[in-house]
Amino acid sequence: MAATRTGAAELGFAEAAPAWRLRSERFPSKVGGRPAWLGEAGLPGPAELACALCGRPLAFVLQLYAPLPGRADAFHRALFLFCCRAPPCCAGLRVFRNQLPRKNDFYSYEPPSESPPTEMGESVCLQLKSGAHLCRVCGCLGPKTCSRCHKAHYCSKEHQTLDWRLGHKQACTQSDNLDNTVPDHNFLFPEFEIVIETEDEITPEVVATDESEITGSIGEAPEEELDSMAKHESREDKIFQKFKTKIAPEPEQILRYGRGVAPIWISGENIPQEKDIPDCPCGARRLFEFQVMPQLLNYLKADRLGRSVDWGVLAIFTCAESCRQGTGYTEEFVWKQDVTDTP
């Protein structure tokens with residue numbers, strides 16, 4: 001693994017927010033709903049947003065607004081995470097990065113107002129100012145159209161069929177009002193704003209006390225108990241204990257951000273080595289940027305009978321140079337670590 005630095009992470013928390021705060025022109029960090037795309041050119045297409053395992057369309061999980069200070073070409077910068085939520089797969093993951101200079105074709109040079117807009121506009125925007133049409137179901141690029149009305153756009157046959165079954169069959173003839181007749185397809189995850197706070201470092205005394213208590217209990221145990229505990233006390237236990245201790249002061253955190261810092265792992269199994277993280281196509285190495293915590297699963301409400309979306313930690317690695325390949329979206333790398341069942 002590339003050299004990492006230590007330091008306070010920035011923590012993300014899910015909070016309810018009015019819809020206007022989560023639109024693209026507000027540069028949001030958010031969970032669920034439809035993506036609030038940053039750049040309107042070069043959006044990832046259906047092939048890029050299909051599960052590599054089952055081939056079905058991925059669902060938008062979250063986006064993080066993460067500009068790079070001192071980088072004029074990354075004055076605006078965001079990362080977009082998608083996952084497969086189709087049972088029995090629920091395994092595919094992809095992440096994309098997009099960045100823009102302050103002066104660009106899509107947004108004002110001046111920062112957005114913190115006040116609500118006087119006109120709320122459409123509740124669901126399915127066409128970008130660039131002219132690109134978005135899928136009525138997922139909000140991703142929609143190159144396919146309904147053969148009847150030619151006004152409803154989709155990313156895939158699966159989503160066209162879903163929309164047809166849930167109301168477009170009746171609304172198709174009322175094509176002037178399509179954007180106001182988008183049903184709940186039960187595909188999007190619940191939408192929240194991600195509010196960022198800086199982590200307060202745990203004092204060494206607290207950590208030392210916890211570790212000494214563990215050590216002391218072992219030292220005072222009878223020999224038979226020591227033998228039994230030795231079978232269960234392992235590197236795995238220590239790593240999981242460290243994970244719990246680290247998040248204990250803020251147990252509701254859904255995200256930890258720290259570009260170039262070391263991630264915290266939930267398990268001793270499946271920790272990536274340097275060779276496991278592919279370099280960026282530009283030739284630069286990738287470094288850790290942020291991780292998604294298991295607490296997010298509580299907000300996604302993805303539980304179903306049978307298999308559902310699940311993870312221990314999702315670690316996102318991005319180009320160390322944050323290269324800019326045109327105005328489009330560059331795919332980065334996700335490492336998924338599951339929770340290991342220990343006896």
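This is a short tour of one structure, stop by stop, for use with a viewer.

Before selecting anything, note that the model is predicted. Residue numbers start from 1 along each chain.

**Stop 1: the sheet**

Show the strands. An open sheet is built from 11 of them. Trace the order 12-5-4-3-2-8-1-9-10-11-13. The pairing is antiparallel. Now colour residues 330-331, strand 12, and residues 333-337, strand 13. These two stand at the edges. Each has a single partner strand, so one side of each lacks a neighbour in the sheet.

**Stop 2: strand 10 and its partners**

Select residues 286-292. This is strand 10. How many of its residues are buried? The count is 7 of 7, so strand 10 is mostly covered, buried meaning under 20% relative accessible area.

Add residues 313-319, which are strand 11. The two strands run antiparallel, joined by 6 bridges. Pick out two facing pairs. Phe-288 stands opposite Phe-317 of strand 11. Arg-286 stands opposite Cys-319, also in strand 11.

Next add residues 255-257, strand 9. Strand 9 pairs with strand 10 through 3 bridges, again in the antiparallel sense. Find Arg-256 and look across to strand 10: its bridge partner there is Gln-291.

**Stop 3: Glu-289**

Stay on strand 10 and select Glu-289, which is found there. Is Glu-289 buried or exposed? Glu-289 is buried, with a relative accessible area of 0%.

Show its side chain. Which side chains does it meet in polar contacts? One is Arg-77, at 2.7 Å. Another is Thr-318, at 2.5 Å.

Now display the surroundings. Leaving aside residues up to four places away in sequence, Glu-289 touches several residues, among them Ala-66, Leu-79 and Ile-316. Tyr-257, Gly-258 and Arg-259 are also touched. So are Arg-256 and Phe-317, both met at the previous stop.

**Stop 4: helix 1**

Move to residues 157-171. This is helix 1, with 15 residues. Place a distance label between its end C-alpha atoms: they are only 18 Å apart. A straight helix would reach 21 Å at 1.5 Å a residue. Centre on Arg-165, where helix 1 bends by about 70 degrees.

Which residues of helix 1 are buried? They are His-159, Gln-160, Leu-162, Asp-163, Gly-167, His-168 and Ala-171. To see part of their cover, add residues 144-145, strand 6, and residues 153-154, strand 7. Both strands are included in what covers the buried residues of helix 1.

Methods: Predicted model: local features only at pLDDT ≥ 70, side-chain atom pairs only at ≥ 80, totals over all residues. Heavy atoms only, no water. Pairing = 2+ DSSP bridges. Helix = DSSP H or I, 4+ residues; strand = E, 2+ residues; numbered from the N terminus. Expected span 1.5 Å × (residues − 1). Bend = angle between axes of the 7 residues up to and from the residue. Buried < 20%, exposed > 50% of the residue type's maximum accessible area, 1.4 Å probe, protein only. Contact = heavy atoms within 4.5 Å. Polar contact = N/O pair within 3.5 Å; in protein donor to acceptor, adjacent residues only side chain to side chain.
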